[in-house]
Amino acid sequence: MLRRAQARPPVHIHTPEEIEKMRVAGQLTAQVLQMIAGHVRAGITTGELDRICHEYIVDTLDAVPAPLNYQPSPEYPPFPRSVCISLNHVICHGIPGDRVLKDGDILNIDVTVIKDGFHGDSSRMFLVGEPPLRARRVVEVAHESMVRGIAVVRPGATLGDIGHAIQSYAEAQHCSVVREFCGHGIGRLFHDEPQILHYGSPGEGMVLVPGMTFTVEPMINAGKRHIKSLPDGWTVVTKDHSPSAQWEHTVLVTETGHEVLTRLPGEPL
Ligand code: MF3
Ligand code: CO
Ligand code: CO
């Protein structure tokens, strides 16, 4: 989500009942990504992928696709589709449409589901055929950045620890971290406090407490970090047109560490 500059109201600490509902929403979100993986191939359009996700969320899961008509603030037009699909040099918030997937594309599908009043939010990358080495590399670096960011989540760690884990790894791999967008608290609200920056310094920022739920969703560019927003009001691309990759999970801070709410049992992150 777009990084804001403003005072932070208290962060919501979820009750055991609320945590159970977050688990359900998280698992449904993961099921959408697992389902759509079987449809990603050369020749299909991003609009068709969106339609398949929409029907699965509404008809099979009896849930609500949170992006559809979502308007984070009055400057944004309502988002016109049910998932975001971001290809190649698109960093995030790509709008599904007529674009046909072709051999060599990399793409992010970002799914947010509302079930029983609670949100699950997760995204992952897909490769079509054999993308160029630079694109494959940024996909791997973004994944490992997310894994390292999640790995430090435990009570007593700080938001700066998460950002530092991500930034230090990504930059050591000669990639860059997008700064204008960040992870976010999530629960009854899609985008809640706190903001989870994907860069930072160890020990700085808010201290994590059991019951917090938030996303870790680093956007990593193969080239420079700078962004450009397109006139559709949503699509964000790399200014230098270098490929970009993003992975996202919804995470709960537990008494002893963390639980990845959008991870299916037995599946990798
Ligand atoms: N799912 C995105 C995130 O991770 C937000 C998308 S907003 C939308 O925060 F309206 F484009 F769906
Ligand atoms: Co998110
Ligand atoms: Co998302």
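The paragraphs below walk through a predicted model, beginning with its two metal ions and then turning to a ligand and to a group of buried residues.

A good place to begin is the cobalt ion (ligand 3), which is coordinated by Asp 110, by Asp 121 and by Glu 248, with Asp 110 listed twice through OD atoms, Asp 121 through OD and Glu 248 through OE, at 2.1 to 2.5 Å. Read along the chain, the donors of this ion follow the spacing D-x10-D-x126-E. The angles among its six donor atoms run from 57 to 165°, and the site of the cobalt ion (ligand 3) is irregular. The pair Asp 110 and Asp 121 links distant parts of the chain, since Asp 110 belongs to strand 4 (residues 106–115) and Asp 121 to strand 5 (residues 118–127), eleven residues apart.

The second metal is the cobalt ion (ligand 2), whose protein donors are Asp 121 (OD), His 184 (NE2), Glu 217 (OE) and Glu 248 (OE), lying 2.0 to 2.3 Å from the ion. Here the spacing of the donors along the chain is D-x62-H-x32-E-x30-E. The site of the cobalt ion (ligand 2) is likewise irregular, with angles of 50 to 162° among its six donor atoms. In this site the pair Asp 121 and Glu 217 links distant parts of the chain, with Asp 121 in strand 5 and Glu 217 in the loop between strand 9 (213–216) and strand 10 (219–221), 96 residues apart.

How far apart are the cobalt ion (ligand 2) and the cobalt ion (ligand 3), and which residue bridges them? The two ions lie 3.3 Å apart, and Asp 121 is the residue that bridges them. Three of the acidic residues named so far can also be placed by their exposure, for which the cut-off is a relative accessible area under 20% for a buried residue. Asp 110 is buried because its relative accessible area is 10%, Asp 121 is buried with a value of 2%, and Glu 217 is buried with a value of 4%.

Several of these residues appear again around ligand 1. There are 15 residues around this ligand, of which Pro 67, Asp 110, His 191, Glu 217 and Glu 248 come nearest. Polar side-chain atoms lie by an oxygen atom of ligand 1 in two histidines, at 2.8 Å for His 191 and at 3.1 Å for His 184, the latter being a donor of the cobalt ion (ligand 2) as well. A nitrogen atom of ligand 1, for its part, is 3.4 Å from an N or O atom in the side chain of Thr 112. On its own, ligand 1 has 340 Å² of accessible area, and the protein covers 99% of that area.

The next stop is Ile 91, which has its place in strand 3 (residues 90–92) and counts as buried because its relative accessibility is 1%. Leaving aside residues up to four places away in sequence, Ile 91 touches a set of residues that includes Ser 86, Val 178, Met 219, Asn 221, Ile 227, Val 236, Val 237, Thr 238, Ser 244 and Gln 246. Between Ile 91 and Val 141 there are 14 Å in space, C-alpha to C-alpha, and the two are 50 residues apart in sequence.

One of the residues touched by Ile 91 is Thr 238, which is found in strand 12 (residues 236–238) and counts as buried at 0% relative accessibility. With residues up to four places away in sequence again left out, Thr 238 touches His 89, Ile 91, Asn 221, His 226 and Ser 244. Of these, Asn 221 is 17 residues from Thr 238 in sequence, and the C-alpha atoms of the two are 7.4 Å apart in space.

What lies 2.7 Å from a polar atom of the side chain of Thr 238? The backbone oxygen of Ser 242 lies at that distance. Ser 242 itself is in the loop between strand 12 and strand 13 (244–246) and is buried, with a relative accessible area of 2%. The side chain of Ser 242 is also joined to that of Asp 240 by a polar contact of 2.7 Å. Beyond its sequence neighbours up to four places away, Ser 242 touches His 89, Arg 134, Asn 221, Ala 222, Gly 223 and Lys 224. His 89 and Asn 221 are thus touched by Ser 242 and are touched by Thr 238 as well.

Methods: Residues are numbered from 1 along each chain as its sequence is written. Chains are lettered from A and ligands numbered from 1 in the order in which they are written. This is a predicted model: local features need pLDDT of at least 70, side-chain atom pairs count only at pLDDT 80 or more; totals for chains, interfaces and linings use all residues. Side-chain values use heavy atoms; hydrogens and water are left out. Donors are N, O and S atoms within 2.8 Å of the metal (3.2 Å for Na, K and Ca); water is not among the atoms, so sites may look incomplete. Four donors count as tetrahedral if all angles lie between 85 and 135 degrees; four count as square planar and six as octahedral if opposite donors are over 155 degrees apart and all others between 65 and 115; anything else is irregular. Helices (H or I, at least four residues) and strands (E, at least two) are DSSP runs, numbered from the N terminus. Buried means under 20% relative accessible area, exposed over 50%, partly exposed in between (1.4 Å probe, protein chains only). Contact means heavy atoms within 4.5 Å. A residue is near a molecule or strand if one of its heavy atoms lies within 4 Å of it. A polar contact is a pair of N or O atoms within 3.5 Å; within protein, one must be able to donate a hydrogen and the other to accept it, and residues adjacent in sequence count only if both atoms are side-chain atoms. Accessible areas come from the Shrake-Rupley method with a 1.4 Å probe; for residues, only the protein chains shown count as cover.
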